[in-house]
Amino acid sequence: MKLPDEKFAMPKCLNPASKPSLFCPGCGQSIILKHLGFVIDEMDIKDKVTLGIDIGCSLLAWDYYNFDIIQTHHGRTTPVIVGYKMARDKRIAIAVMGDGGAYAIGLQSLIHAAFRNNPITAIVINNTEYSMTGGQMAPTTLPKEITTSSPAGKDEKLFGGAFYGPELLRQVARSDAYIARASVSNPTMLERILSRAIKSQVEKNNFSFIEILSICPTNWKTNARESFEFLTKMEKIYPIGEMTKSSRAKSRDLWEQKK
Ligand code: SF4
């Protein structure tokens with residue numbers, strides 16, 4: 001059977017020398033980068049984009065595209081890209097990082113970028129663990145999930161439950177900042193959200209943020225079917241969609257009125 005060419009199409013901004021991909025077979029990160037590439041092609045912004053990448057598996061994107069990429073370390077992608085954008089304000093600055101880097105080591109920088117409305121697009125890949133170092137527990141690890149550092153399952157009493165990054169940033173970001181959560185299970189929605197986030201930076205000069213639920217078959221020790229079953233479980237805990245309305249509560253509403 002002849003398969004349609006578009007099924008195997010790759011973005012024009014891709015660096016062909018990056019093939020074969022350094023990601024493990026079945027990794028969700030290559031799906032994310034491929035669709036980010038399609039959005040960059042569609043918006044015709046290849047010559048304006050600079051990408052920041054972090055330590056961890058996200059660094060394997062270091063030669064993925066034919067445009068400038070800055071390698072940073074340990075959750076520092078956000079402040080590096082914020083500083084870069086301050087110095088080169090006509091550029092389109094995108095920071096890609098994993099959930100460990102973004103929500104543990106680099107959370108302070110991420111919160112303040114959202115709070116200051118720095119005009120960057122931050123993308124966090126959530127696969128519920130630290131992947132490159134062997135699948136250790138991260139803030140995003142689900143309650144009872146088994147990882148190499150929680151062999152009996154994540155104990156919520158000791159380590160907290162799920163970690164809600166977009167919901168947290170919504171509390172401090174400006175009401176018109178673009179905040180969303182997508183999943184590799186729905187590439188059409190993923191592209192739409194990536195496109196809206198980048199447009200928010202370009203057209204409104206706003207901070208924009210996307211968390212993308214992704215799969216890590218290597219550390220999850222799952223086959224293709226099991227990987228997507230676990231992703232479905234993640235989507236029940238981490239809802240996908242756009243958080244268009246500000247949920248920032250007025251500070252006085254947070255306090256019980258004592259009479
Ligand atoms: S360890 Fe997991 S996240 Fe890293 S490249 Fe392999 S599948 Fe992807």
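Which helix gives the most to the shell around the ligand? Keep that in mind while you load up; this is a predicted model.

**Stop 1: the ligand**

Select helix α8, residues 217-220: this helix is the top contributor to the shell around the ligand, with three residues. Now show the whole shell. You should have F23, C24, C27, Q29, C57, N127, S131, C216, P217, T218 and N219 on screen. Colour these residues by class and you get six nonpolar and five polar, with no charged residues in the shell.

**Stop 2: the largest pocket**

Next, bring up the largest pocket, with a volume of about 280 Å³. Its lining takes in 19 residues, and the ones closest to the centre are I55, G56, C57, Y130 and S131. Two of those names should ring a bell: C57 and S131 are also among the residues around the ligand.

Which element supplies the largest share of the lining? Select α3, which brings four residues. The helix spans 99-105, and β5 (129-130) is worth selecting too, since each of these elements supplies at least two lining residues. Recolour by class, and the pocket lining shows six nonpolar, ten polar and three charged residues. So much for the pocket; compare the ligand shell, where the charged count is zero.

**Stop 3: the aromatic pairs**

Clear the selection and look at the rings. The model has five aromatic pairs. Start with Y64 and Y65, an edge-to-face pair with 5.1 Å from centre to centre and 75° between the planes. Are these two buried or exposed? Y64 is buried, because its relative accessibility is 2%, under the 20% cut-off. Y65 is buried as well, at 4% relative accessibility. Add F67 to the selection and you have a cluster of Y64, Y65 and F67 linked by ring pairs.

**Stop 4: a pair across the sequence**

Finally, select Y164 and Y238. Their ring centres are 5.3 Å apart with the planes at 65°, so this pair is edge-to-face too. Where do the two residues sit? Y164 is in the loop between α5 (156-159) and α6 (165-172), while Y238 is in the loop between α9 (224-237) and β9 (241-242), so the pair ties together parts 74 residues apart in sequence.

Switch on a surface here and check each partner. Y164 counts as partly exposed, because its relative accessibility is 35%. Y238, on the other hand, comes out at 0% and counts as buried.

Technical notes. Residues numbered from 1 in each chain as written. Predicted model: local features only at pLDDT ≥ 70, side-chain atom pairs only at ≥ 80, totals over all residues. Heavy atoms only, no water. 1 Å grid on protein atoms, 1.4 Å probe; cavity = no way out; pocket = protein on both sides within 12 Å on 5 of 7 lines; lining within 4 Å. Points joined across faces, edges and corners; volume = space filled by probe spheres on them. Nonpolar A, V, L, I, M, F, W, Y, C, P; charged D, E, K, R; others polar. Near = heavy atom within 4 Å. Phe/Tyr/Trp six-rings, centres within 6.5 Å; stacked < 30°, edge-to-face > 60°. Buried < 20%, exposed > 50% of the residue type's maximum accessible area, 1.4 Å probe, protein only.
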